[in-house]
Amino acid sequence: MTKLAQHMGVAGVNRLRETEAVEAPRFHRLGLIDRHSAETLSEFCRVNTELDSTASHLANLAAIQSLLTSIPLIVADFFSLFVSLFGSSALLERLFSVETTQVERLSAFLIALIIIPISHLAGLYPGLGMGSAVEFRQLTRALACSLVVFAGIGLFCFPPLWGFYSASAALAFVVGLPTAMTVRFVARRLAKYIPWWGAPVFIVAEPARGIELYWRMKSTLDQGFRPLGVLINPEDYWDNTDLFKDSSVPVYDIRRADEEARRMGVAWVIVSPCAGQHVTQWLNRSLAAIPNRIMLSSSQMDLGLWDDLFCISHSSGIRVGGARPSLLQLAVKRGLDILLTLCILIMGSAALALLCFLMRVSSRGPIFYGQKRVGRYGREFTAWKFRTMVMNADQVLDDYLARNPAAKAEWDHKHKLSDDPRVTMIGKFLRATSLDELPQLWNVLHGDMSLVGPRPVIDSPTYDAVYIYDYPDEFEAYKTVRPGLTGLWQVSSRSRGVYELRIYWDMYYIRNWSVWLDLYLIMRTIKTVLFKEGAH
């Protein structure tokens, strides 16, 4: 007798088999996994046979839209690599008096062409809905592969110049990566104003969620999706007429989704799990005609930034990332922290000395200011900053808030003030450029902090009491990682938005952490500091 029979008894096993036979009379000789796959395939093929020419038309339209959307990104990648490689090789040629004409024109042009198929294989075209960190990872890989080919050309075709080719490739990578990311960013921002760029998309969700998704996607058109409206059942529309009228969001009958899609040229649909079982992916024939369907994550299907598709026998599924990184991943993160911190300190030593001098002569008091913060495992540590406030800052704040109800409301809402009376003149400059955080590089070397992570929490009723006491589960998650000098909240919102947005970005970072995300955020921080994004 099998273990199942021992556990349930023979009668129980027979009842289970009878239940399965009733629920799934077809394909009954297949195993449970194969039976499930066969039934899913059969249902898909049944729906597919019922589709008319609309499905084929939309599939062809999707291919055309992908090609048109890819064109600006292809041009951006070609231009970035050609300019970086041409400039790097030309510079080294003149520095080391190397006599060659192949590198400056034909080789650079060839490698700039090679990055196009490599980027396509990396999924960078058409790049619809691609997150910035994922795009950074894939672009890094594509650029590195292209430049390895360039170095190989030097090794096999011009052996005496192999060192020159390798040096040119290395310099082109250092210059080309930020150049390519910047040019791609500009290309996306400009392309979103071109009518034929991107993919029109419908949204399937319950009314409030559909309206929210519509406006959020409207604000991120550079990702390539152009929302045209929400598909909904008539009864749901009449129950929420005022909601849709107030939001000015176009609404279409989900029962005629295929007709509307053909009329408006829509080959993509976003399906929210809260839309209900009547809009499931395959059972609704009108939705099945739309060739590209994206199912959003939910509490039942937690999808992360780095999840991948895997084959399981004849089925397929999404690999969901683990809850904690491995010791090797943590070691890589720590090594990256130490290496980059030492580089910053060495290259920026003169600037740090100048800031210390300015702090000393501009206002009375110490140069550095230490404040207790909550770190990993809930341990307290002293986070160091350049002092940007007057000496009696707490008393000045209390008096100011007592006299200004509007400022008190702003402080309660954001835990920040747009016009803080405690900040000195040079302190305003340091805060606007985030240079006041530089002494925390010592905390990174010491191991209290990381270069990238959630912003350190202050266990004080004046500052982060909301985080600690109103969001205890999120605070426990915060304590599993080292707080960071920079992070998603700093580059995404910084001084803008409600306080809860900080908690949201902290949880997003913990859920989706990888070395690639850290590297992307470090590069993104440079842009934030240079352009003073989100500064007061």
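This is a short guided tour of the structure above, with a suggestion at each stop for what to select. Keep in mind as you go that the model is predicted.

**Stop 1: two helices side by side**

Begin by selecting helix α3, residues 53-95, and helix α6, residues 162-191. Turn the view until you can follow both axes: they come within 7 Å and cross at roughly 150 degrees. An angle over 145 degrees counts as roughly antiparallel, and α3 and α6 are therefore roughly antiparallel to each other. The crossing of α3 past α6 is right-handed. Now colour the contact between α3 and α6 by residue class, and you should find 16 nonpolar, seven polar and four charged residues.

**Stop 2: another partner for α6**

Keep α6 on screen and add helix α5, which covers residues 132-157. How far apart are the axes of α5 and α6? They are 9 Å apart, and the two helices pack at an angle of about 150 degrees. So α5 and α6, too, are roughly antiparallel to each other. Their crossing is right-handed. In the contact of α5 with α6, the residues divide into 17 nonpolar, six polar and three charged.

**Stop 3: threonine 140**

Stay on α5 and select threonine 140, which has its place in this helix. Is threonine 140 buried or exposed? Its relative accessible area is 8%, and because buried means under 20%, threonine 140 counts as buried. Next, show what surrounds this residue: leaving aside neighbours within four places in sequence, threonine 140 is in contact with Phe173, Leu177 and Trp516.

**Stop 4: the nonpolar cores**

Select Leu85, Leu124, Leu147, Tyr509 and Leu521 together. Of the 48 residues in the largest nonpolar core, these five touch the most other members. Helix α5 gives the most to this core, with nine residues.

Now zoom in on tyrosine 509. Setting aside neighbours within four places in sequence, tyrosine 509 is in contact with Lys333, Val452, Gly453, Pro454, Leu488, Leu517, Asp518 and Leu521.

Another core, of 19 residues, lies apart from the largest one. To find this second core, select Leu128, Tyr214, Ile232 and Val249, which are among its members.

**Stop 5: asparagine 292**

Finish at strand β5, residues 292-295, where asparagine 292 has its place. Select alanine 59 as well and check the C-alpha to C-alpha distance: asparagine 292 and alanine 59 are 8.4 Å apart in space, yet 233 residues apart in sequence. Which residues does asparagine 292 touch, not counting those up to four places away in sequence? They are Ala62, Ala267, Trp268 and Val269.

Key
Residues numbered from 1 in each chain as written. Predicted model: local features only at pLDDT ≥ 70, side-chain atom pairs only at ≥ 80, totals over all residues. Heavy atoms only, no water. Axes fitted to C-alpha atoms, helices over the stretch in contact; angles between N-to-C directions. Helix = DSSP H or I, 4+ residues; strand = E, 2+ residues; numbered from the N terminus. Parallel < 35°, antiparallel > 145°, perpendicular 65-115°, else oblique. Left-handed = near helix turned anticlockwise from the far one by under 90°. Nonpolar A, V, L, I, M, F, W, Y, C, P; charged D, E, K, R; others polar. Buried < 20%, exposed > 50% of the residue type's maximum accessible area, 1.4 Å probe, protein only. Contact = heavy atoms within 4.5 Å. Core = buried A, V, L, I, M, F, W, Y, C linked by side-chain atoms within 4.5 Å.
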